[in-house]
Amino acid sequence: MMLALAACTGKPGADDPLLSEQRLNLEEFFDGRVVAKGQFQDVFGTVRRRFDVEINGTWDGETLRLVEDFAYADGSTEQRIWSLTKTGPDSWTGTAPGVIGVATGEERGDTFNWRYTIDLPVPDGTLRVTFDDWMWLLSEDRLLNRAYMKRGGVDIGDVIITFEKQ
């Protein structure tokens with residue numbers, strides 16, 4: 001019963017009203033050093049994993065390269081390197097090791113939606129999950145991210161991350 005209720009949880013949508021006049025420019029926010037803190041919570045509300053991330057981004061006018069260094073509370077580490085390409089005024093595609101196919105994203109005002117499938121490293125192997133990331137610019141140096149995760153089309157939890165531009 002709880003799983004069925006959790007699957008009915010509302011999620012953001014592309015037509016949701018914008019909450020500010022701010023405009024998120026991914027290439028500006030992530031160009032340089034950004035630090036983040038986050039956690040994964042399962043569909044039952046249990047926090048399963050916490051982490052810190054250091055991100056070093058470079059924008060060359062076409063490609064945004066993000067080197068993400070994760071440090072998990074259990075002492076494990078991971079590095080993910082993204083290459084994002086701006087494909088239109090507000091659209092992006094991206095690749096990273098472990099990502100299946102190509103990630104796609106769309107900026108709209110203060111919001112960015114990023115979707116992809118990845119073989120995610122977990123303590124006992126890998127887990128193929130689909131991410132539906134929603135990011136909101138809170139101020140010129142703060143970004144809030146909530147990523148909804150599914151496995152095989154079923155909600156398994158979400159990740160909340162706060163980013164701070166240095």
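Select W92 to begin: its bridge partner in β6 is G105. This is a predicted model, in which local features need pLDDT of at least 70 and side-chain atom pairs count only at pLDDT 80 or more, while totals for chains, interfaces and linings use all residues. Residues are numbered from 1 along each chain as its sequence is written, and side-chain values use heavy atoms, with hydrogens and water left out.

**Stop 1: around W92**

Stay with β5 and add strand β6, residues 99-108. Four bridges join the two, and they run antiparallel. Strands here are DSSP runs of E with at least two residues, helices are runs of H or I with at least four, and both are numbered from the N terminus. Two strands count as paired if DSSP finds at least two bridges between them.

Now select the turn. Three residues separate β5 and β6 in this hairpin. Click on G98, a turn residue with a positive phi of about 90°.

**Stop 2: the other side of β5**

Add strand β4, residues 77-86. It runs antiparallel to β5 (residues 91-95), and four bridges join them. Pick L84 and look across to G94 in β5, which stands opposite. β4 and β5 form a hairpin too, with four residues between them.

**Stop 3: Q79**

Stay in strand β4 and select Q79. Is Q79 buried or exposed? Neither: Q79 counts as partly exposed, because its relative accessibility is 48%. The cut-offs are under 20% relative accessible area for buried and over 50% for exposed, with partly exposed in between (1.4 Å probe, protein chains only).

Which residues does Q79 contact, leaving aside neighbours within four places in sequence? They are V67, E68 and D69. Contact means heavy atoms within 4.5 Å. Draw a C-alpha distance from Q79 to D69: it reads 4.6 Å, with their positions 10 residues apart in sequence.

**Stop 4: N25**

Jump to N25, in the loop between α1 (2-7) and α2 (26-29). N25 has 22% relative accessibility, so it counts as partly exposed. Add P89, which is 64 residues away along the chain. The C-alpha atoms of N25 and P89 are 9.9 Å apart.

**Stop 5: β1 and its two partners**

Select β1 (residues 32-42) and β2 (residues 47-59). They run antiparallel and share 10 bridges. Find G32, whose bridge partner in β2 is G57. The two strands form a hairpin with four residues between them. In its turn, G45 has a positive phi of about 95°.

Next, add strand β10, residues 154-165. β1 pairs with β10 in the antiparallel sense, over nine bridges. Select Q41 and look opposite, to D158 in β10. While the strands are on screen, show side chains: in a regular strand they alternate between the two faces of the sheet.

**Stop 6: zoom out**

Colour by secondary structure. The chain has two helices and 10 strands. Along the sequence the order is α-α-β-β-β-β-β-β-β-β-β-β. The radius of gyration, taken over C-alpha atoms, is 16 Å, close to the 15 Å that the globule rule gives for 166 residues, so the chain is as compact as a globular protein of that length. That rule is 2.2 Å times the number of residues to the power 0.38. The C-alpha trace spans about 45 × 35 × 30 Å along its principal axes.

Colour by burial next. Buried residues make up 38% of the 166. Finally, look at contacts with a separation of 6 or more: residues 24 or more positions apart account for 37% of them.
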